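Colleague: I'm new to this, so could we walk through the structure together? I'll ask, you explain.

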Amino acid sequence: DEPEASQGPGPGPGSEAGLPGGEQTQTRAKGRAGIGSSLLRLLSERRPWLMSRLDADLRVRGVIARNAMALYERAPGQSGEAKSVEPDFDAFIDHIQTAHLPHALVVDCSCDPLVASRHVHWLARGIHV
């Protein structure tokens, strides 16, 4: 049984689907302030559970918004500073998809049709959206 959100570190319903054990995934969140921030907080809180239960190493490699972009070598809050620069989707995606990690994942929380139009290009590069 999956733990309820109030029972401590464990993802909510349906979270185990599609996460093969032992694989590392680079994650990127894009979107509206409340949704993207909530997702980043949830990933940070649940990361130990994901590692221990599913052997899934999800790493937030960057966050982008209309007016700012932060690139991380390590997860936010872990040792390693964010590199903040002007938003540039191509540079952002190049940072997310790196050779030393086998998978890349983009989480688009934006509801922005211009961002959605990029999904096909990211999928063609082998990035999960």
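Modeller: Sure, one term before we start: helices (H or I, at least four residues) and strands (E, at least two) are DSSP runs, numbered from the N terminus. Also, this is a predicted model, where local features need pLDDT of at least 70 and side-chain atom pairs count only at pLDDT 80 or more, while totals for chains, interfaces and linings use all residues. Residues are numbered from 1 along each chain as its sequence is written, and side-chain values use heavy atoms, with hydrogens and water left out.

Colleague: Okay, how many helices and strands does the protein have?

Modeller: Follow the elements from the N terminus and you read β-α-β-β-β-α-β-α-α. That gives 4 helices and 5 strands.

Colleague: What share of the residues in the protein is buried?

Modeller: Buried means under 20% relative accessible area, exposed means over 50%, and partly exposed is in between (1.4 Å probe, protein chains only). Out of the 129 residues in the protein, the buried share is 32%.

Colleague: Which element gives the most residues to the largest nonpolar core?

Modeller: A nonpolar core is a set of buried Ala, Val, Leu, Ile, Met, Phe, Trp, Tyr and Cys residues joined through side-chain atoms within 4.5 Å. The largest one has 12 residues, including I64, M69, V106 and W122. β3 (69-71), α2 (89-96) and β5 (103-109) each bring at least two residues to this core. The top contributor, with 4 residues, is α2.

Colleague: Why do the buried residues of α2 line one face of the helix?

Modeller: The buried residues in α2 are F89, F92, I93, H95 and I96. Picture looking down the axis of α2, and take the directions from the helix axis to the C-beta atoms. The buried residues line one face because they fall within an arc of 160 degrees.

Colleague: At the start of α2, which residue's backbone nitrogen does a side-chain oxygen of D88 reach?

Modeller: Here we need the polar contact: a pair of N or O atoms within 3.5 Å; within protein, one must be able to donate a hydrogen and the other to accept it, and residues adjacent in sequence count only if both atoms are side-chain atoms. The oxygen of D88 comes to within 3.0 Å of the backbone nitrogen of D90.

Colleague: And is D57 buried or exposed?

Modeller: D57 sits in strand β2 (residues 57-64). Its side chain makes polar contacts with the side chains of R47 (2.4 Å) and R59 (2.8 Å). The relative accessibility of D57 is 9%, so D57 counts as buried.
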